[in-house]
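Visitor: I would like a close look at one helix and the way its neighbours pack on it. Please carry on from there to the pockets.

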Amino acid sequence: MTEAAELPPAPEQAREVFGDRFADAVRYAELLAEAGVQRGLIGPREVPRLWERHILNCAVLSEAVPEGVTVCDVGSGAGLPGIPLALVRDDLNITLLEPLLRRTNFLTEVVELLGLNHVTVVRGRAEEVLGKLPPVHVVTARAVAPLDRLAAWGIPLLRPYGEMLALKGDTAEEELKAAATALGKLGAVATSILHVGEGVVDPLSTVVRVEVGESPGGVRFAAKRAKAARSDRARRRR
C-alpha cells in the first residue's frame, strides 16, 4: 500500500492572501488532503502541491471578480475555485454548482465547517438549473471542459452584461481562438486573457474572460430560460 503524501506547510503567501481566514484556508487544505483524497476528489499526487497549484492558484482569481456580485462556480468539484474565492471575498454571494452527490456532500461539509454563510451548494448540471437559479453576475470554472463546451453551460446562467471567468492553462489562447464562433453565438461581446497572482503564484494564473451583452446564451437560451422559469413558477403554485 502506497503511503499517503504529506501536505506541506502553508506558504507565507497564503497568510497574505487569506488574512483573517488563513486558519480556515489551512483547514480546507487539510480536508482536501484527507477526505478529498479518500473520496477520490483529489489525486494523492496533488497533495504536495495543493497550495501552489490548487488553492492559491484559485484564490488569486479574486483579482478579476468585481465587488459585491453574485457568482456561480460551475462544476465546482472539490470546491475549486469557489471555496478559495469565498475565503478571500466575503462580499460575494457564491453558488457551488456540482452534479455528483459525493462531491456536493463534501462541499456542504466544508461550507458548514468553515462557516461560509455566503456560499450555497446546489446539486445539478448547468443545463438543468437554467431558469431555476437566479442569473448571476459572474460564472467561474476551472478544468471543467474545453472553452466552447464550458461556455455553452456557463454563459446561459449569466445575467445581461455578466462575465464568465475560466481558469485555464497554457492552451488558453488556442482555446479562445477555437471557440470564437461558438462564443459569438452565445452572446459574447468581448473576450480577453488575464494573468493574475503577481507575487503569489508562479507561474501566474491564466484566466479567460468572456463578457456577454444583453442576451447571455443567445436567443435560443433566452427562450429556454423563460420557459424554465414559467415551469418553475407553475410548480410552486401547486
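Guide: In this predicted model, helices α2 and α5 run roughly antiparallel to each other, because the angle between them is over 145 degrees. That angle is about 150 degrees, and the two axes lie 11 Å apart. Helix α2 covers residues 22-38, while α5 covers residues 101-114. Their crossing is right-handed. On the α2 side the contact is formed by Asp24, Arg27, Tyr28, Leu31, Leu32, Ala35 and Gly36. Facing them from α5 are Phe106, Val110, Leu113 and Leu114. Sorted by class, this contact holds eight nonpolar residues, one polar residue and two charged residues.

Helix α2 also packs against α3, which spans residues 50-59. Here the axes come within 12 Å and cross at roughly 120 degrees. That angle makes α2 oblique to α3. The crossing of α2 with α3 is right-handed as well. Ala25, Val26, Tyr28, Ala29, Leu32 and Ala33 make the contact from α2, and Leu50, Trp51 and Ile55 make it from α3. This contact has nine nonpolar residues, with no polar and no charged ones. Tyr28 and Leu32 of α2 take part in the contact with α3 and also in the contact with α5.

From α3 the path leads to the largest pocket, where this helix gives five residues, the largest share of the lining. The pocket holds about 530 Å³ of space. Its lining has 22 residues, and those closest to the centre are Arg53, Asn57, Arg142, Lys168 and Gly169. Strands β5 (158-168) and β7 (205-212), like α3, each supply at least two residues of the lining. Of the lining residues, eight are nonpolar, seven are polar and seven are charged.

The second largest pocket has a volume of about 410 Å³. It is lined by 22 residues, and closest to its centre are Gly75, Gly77, Glu98, Arg103 and Val144. Two or more lining residues come from each of β2 (93-98) and α6 (126-129). By class, the lining of the second largest pocket divides into twelve nonpolar, five polar and five charged residues.

Key
Residues numbered from 1 in each chain as written. Predicted model: local features only at pLDDT ≥ 70, side-chain atom pairs only at ≥ 80, totals over all residues. Heavy atoms only, no water. 1 Å grid on protein atoms, 1.4 Å probe; cavity = no way out; pocket = protein on both sides within 12 Å on 5 of 7 lines; lining within 4 Å. Points joined across faces, edges and corners; volume = space filled by probe spheres on them. Helix = DSSP H or I, 4+ residues; strand = E, 2+ residues; numbered from the N terminus. Nonpolar A, V, L, I, M, F, W, Y, C, P; charged D, E, K, R; others polar. Axes fitted to C-alpha atoms, helices over the stretch in contact; angles between N-to-C directions. Parallel < 35°, antiparallel > 145°, perpendicular 65-115°, else oblique. Left-handed = near helix turned anticlockwise from the far one by under 90°. Contact = heavy atoms within 4.5 Å.
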